[in-house]
There are 2 protein chains.
Amino acid sequence: MKSKILKYLSKYTEITEQLENAINESAYFKSYKKGDILLKEGDFSNECYFILEGCIRSYFVKDGEEKTIEFYTEEEVVTPSNIGKSTPSQYFLECLEDTVVNVGNPALENEMYHKYPQLESLSRVIAEVILTKQQESYTAFKSSTPEERYLQLLKTRPNLLQRASQHQIASYLGIRPESLSRIRKRLINK
Amino acid sequence: MKSKILKYLSKYTEITEQLENAINESAYFKSYKKGDILLKEGDFSNECYFILEGCIRSYFVKDGEEKTIEFYTEEEVVTPSNIGKSTPSQYFLECLEDTVVNVGNPALENEMYHKYPQLESLSRVIAEVILTKQQESYTAFKSSTPEERYLQLLKTRPNLLQRASQHQIASYLGIRPESLSRIRKRLINK
DNA sequence: TTGACTTCTTAACTTAAGTCAACGAGTTAA
DNA sequence: TTAACTCGTTGACTTAAGTTAAGAAGTCAA
């Protein structure tokens, strides 16, 4: 039975058996409890995560408020933007549930890229795909009202609404919790 | 004297002389006039662009309105999201000024990646950098008011306001032209 | 030169998000 | 068992963006 991470990678390209073995051997796991903080604002970072089970939220604090940047769930990659750099993190990473991840780090990755150029090629392709998806959601966000954004979230990631609190969802949608509450009420009456 | 594209690439890593020559030999140029359309909604795409001089705007049409996705200027890369794929473009690319570009295409790129793995590695790094930047601007957008977004644009890309019309800027900021006009007026009186 | 456009602005009005305050329900900890 | 929290909701009020319409200035082409 293939590991989740190999399933994820083979969506993009066929993985040679040699690379498959190398990935399986190098993969290592970590488990976190609900509420655990993986990264704090101001911290340095040397790890990235592939989520096997659970949910991770990135957020920063502005005007004393937590602003949710993104929710990451199963089969998604979380890469702190300061990974391997000497700059402090601008944001937090927090587990919204008990979470199991594969952990990677830049040194191991570079070693793997060196040994398996196919993997670096794959990383480029995946980075480009994620970039395109993000561009699309950014664009959709810009040209939508808060209500449309909420409906879109309902459609594309309905389970997020069970996994995160409403004030977290609200800041993710770029609005205040009171407004989200009113939008929900408005929609029920439609 | 180094070409602009080589200057751009060498910001990220040192380029071997061999690769430098290959890039210079393979580089080819196109010139467009103000108003030229590089890509239409529904078209297929087989080219990407590195801007040497000028300005390109991506936009789509929703409810009969042009919604600006992004403005690209000198030393930036424009990659249609359907490049090399059999899916039609969701958006337009238009020159806001006379524009000179280096043109690339997937076949050539893949050939170059094959010959020069260093170049693919570089592409991965650049994709990751752009991804991080985009994430940051998406996040800033979400947690800002229209007025703050406009001020941010004034600070980070002041010349855009000379190069694009106000209704283009407005849709880029996710607001209506009338609102942008009012924001400008409000700020003058401050 | 004229007329048709486009661009930007302004005004009046509508709509909805932000703000502030309060409340009930549920949770946690002393 | 309280007391202190958090969370979601609601209400009253403020603020600003959306909408519609109109007009002034500039551009372009017949």
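Begin by selecting A:Thr139, A:Lys142, A:Ser143, B:Phe60, B:Lys67, B:Thr68 and B:Ser171, the residues that line the largest cavity in this predicted model. With those residues shown, colour helix H4 (117-142) of chain A and strand S5 (65-72) of chain B, since these are the elements that give two or more residues to the lining. The space enclosed there is about 30 Å³, and the count of cavities of 30 Å³ or more comes to 1. If you colour the lining by class, you will find 1 nonpolar, 4 polar and 2 charged residues.

Next, show the two chains in separate colours and turn to the interface, where 29 residues of chain B are in contact with 30 residues of chain A. Between them the chains bury about 2,800 Å², with 54% of that area on carbon and sulfur atoms. Select B:Arg124, B:Tyr138 and B:Lys142, which together supply 24% of the area that chain B buries against chain A, more than any other three residues.

Keep B:Arg124 in view and add A:Glu120, because these two residues form a salt bridge whose closest N and O atoms are 2.5 Å apart. Across the interface there are 2 salt bridges, and 13 residue pairs are in polar contact, counting pairs with both residues at pLDDT 80 or more.

Finally, on chain B, select strand S4 (56-62), S5, helix H3 (106-115) and helix H4 (117-142), the elements that give two or more residues to the side touching chain A. Of these, H4 of chain B gives the most, with 16 residues. By class, that side of chain B has 10 nonpolar, 12 polar and 7 charged residues.

Notes. Residues numbered from 1 in each chain as written. Chains lettered and ligands numbered in written order. Predicted model: local features only at pLDDT ≥ 70, side-chain atom pairs only at ≥ 80, totals over all residues. Heavy atoms only, no water. 1 Å grid on protein atoms, 1.4 Å probe; cavity = no way out; pocket = protein on both sides within 12 Å on 5 of 7 lines; lining within 4 Å. Points joined across faces, edges and corners; volume = space filled by probe spheres on them. Helix = DSSP H or I, 4+ residues; strand = E, 2+ residues; numbered from the N terminus. Nonpolar A, V, L, I, M, F, W, Y, C, P; charged D, E, K, R; others polar. Contact = heavy atoms within 4.5 Å. Buried area = accessible area lost by both parts, 1.4 Å probe. Salt bridge = Lys/Arg side-chain N within 4 Å of Asp/Glu carboxyl O. Polar contact = N/O pair within 3.5 Å; in protein donor to acceptor, adjacent residues only side chain to side chain.
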